[in-house]
Amino acid sequence: MALSNTAIRYGGVTKFFHWLTALLILTLIALGLYASDLPHDTQDALTRKAWFFSLHKTLGVTVFFVALARIVWAFTQTKPGLLNADHKLESWLAETVHWVLYGSLVIVPLAGWIGHAAASGFAPIWWPLGQSLPFIPKNTTLEHAFGAVHIIAGKLLIGALFLHVAGAVKHHVIDRDSTLRRMLPGEPAIGPLPAQHHSAAPVVTATVVWIAAIGLGLGLGLGQPADTEETATLDAVASEWQVQNGTIALEVTQFGSVVAGSFADWTSAITFDETVQTGKAGEVTTTVAIPSLGLGSVTDQAMGADFFNTEAFPTATFQADINVAADGYIAAGTLTIKDQSMPVELPFTLTLQDDTAQMTGTTTLDRRNFGIGETVTDESTLAFSVTVNIDLTATRGR
């Protein structure tokens, strides 16, 4: 069997790429559907779900590079003529599906890869080249947009694949020609080809289909509300110092990757006297709406019963004294999450200018102290330590 194509037959390299791609695509479809339906409410379930998603992503990257190699090879080869070129409508449809499939081999894995690179944590790609992509920031909106493109494009791929297989079966069973056999091993007898009609119509049609699919995916993805844009539910509190803006952010490590997020809704009641040089200089009571947490691709998991259990415990509270320290201040008090209260110290720096204060602080918590993820006891799955970063600007009321 010749390696290169001829005017009537596919060569060995093209056949290899065809069947390797088919095997990868069918495996990826099955893996994606299976992994999506797996639960993640226990350590074993979460590890199993992540393993299958990692396999799906790794094979997805593989098929992307296989597709590029296949496309490069195809552009260097003679394209065998259609055996049904005299049926113009049928041949137009066949070539359109052909170009849709070529596009899908690039767009589907690339969209999934971009969505993965924009997300934080969960189910890494199994390779030594990292989880990021150049020019792709960690961004929930971008993650949602390309995740939706991946899904819409995947559905289009499945539809095109169905039409491709149906066409091959029709040729083999009804038309009884060699369309299917010439993609199998060997060199079947092929009679004279009908006159070929070359046109840009199939490429144009496939391009329009892909523009519509990508536009629909981006529209659906960008239409999803960002995780941190939840409407505020906490009532405003009276405070000597009013917070004007700021963030309460978290960093957790899952499967070796840092997952960052922040709370969109929280209030602080603050009293503070900057003239105090030693001891207690004020008090703070901060209430956080836990459902307002945006934590990338693991937000839904974080809200579950084994983690924050937001249905039963929708808020967390930190009550502390503000004490003068050698190199700044320490908020020392009690943090209550779920039904667990623990002593916590938050060292922070403070920059004062007239009646405006800029505060920055960091502390580390052990999630186990608050009953967060009690069934996840393996740190390689979910680290015990959680970093809390607070940055806010407050002004003194008059």
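What radius of gyration does the protein have, and what would a compact globule of 398 residues have? In this predicted model, the protein has a radius of gyration of 29 Å, whereas a compact globule of 398 residues would have one near 21 Å. The C-alpha trace spans about 95 × 40 × 35 Å along the principal axes of the protein. Six helices and 10 strands are found in the protein, and buried residues account for 43% of its 398 residues. Of the contacts with a separation of 6 or more, 68% are made between residues that lie 24 or more positions apart. The exposed surface of the protein comes to about 20,300 Å², of which carbon and sulfur atoms supply 63%. The protein carries 20 positive and 34 negative charges, and the mean positions of these two groups are 20 Å apart.

Among the helices, α2 comprises residues 43-75 and includes Phe 52. Phe 52 counts as buried because its relative accessible area is 16%, which is under the 20% cut-off. When neighbours within four places in sequence are left aside, the residues in contact with Phe 52 are Leu 31, Tyr 34, Ala 35 and Leu 38. Ser 36 is 16 residues away from Phe 52 in sequence, and the C-alpha atoms of the two residues are 9.2 Å apart in space.

Several of the strands can be followed through their pairings, beginning with β1. Strand β1 (residues 241-254) runs antiparallel to strand β10 (residues 385-396), and 10 bridges join the two; within this pairing, Ile 248 stands opposite Ile 390 of β10. Strand β10 is also joined to strand β9 (residues 356-366), again in the antiparallel sense, by 11 bridges, and here Leu 365 is found opposite Val 386 of β10.

Strand β1 also pairs with β2, in the antiparallel sense and over seven bridges, with Val 259 in β2 as the bridge partner of Val 252. The two strands β1 and β2 form a hairpin in which two residues lie between them, and Phe 255, in the turn, has a positive phi of about 50°. Strand β2 (residues 257-263) is mostly covered, since five of its seven residues are buried. Strand β2 is further joined by two bridges to strand β5 (residues 293-294), which runs antiparallel to it, and in this pairing Leu 293 of β5 is the bridge partner of Phe 263.

Notes:
Residues are numbered from 1 along each chain as its sequence is written. This is a predicted model: local features need pLDDT of at least 70, side-chain atom pairs count only at pLDDT 80 or more; totals for chains, interfaces and linings use all residues. Side-chain values use heavy atoms; hydrogens and water are left out. Helices (H or I, at least four residues) and strands (E, at least two) are DSSP runs, numbered from the N terminus. The radius of gyration is taken over C-alpha atoms; the globule rule is 2.2 Å times the number of residues to the power 0.38. Buried means under 20% relative accessible area, exposed over 50%, partly exposed in between (1.4 Å probe, protein chains only). Contact means heavy atoms within 4.5 Å. Accessible areas come from the Shrake-Rupley method with a 1.4 Å probe; for residues, only the protein chains shown count as cover. Lys and Arg count as positive and Asp and Glu as negative; His and the chain ends are not counted. The place of a charge is taken as NZ of Lys, CZ of Arg, CG of Asp or CD of Glu. Two strands pair if DSSP finds at least two bridges between them.
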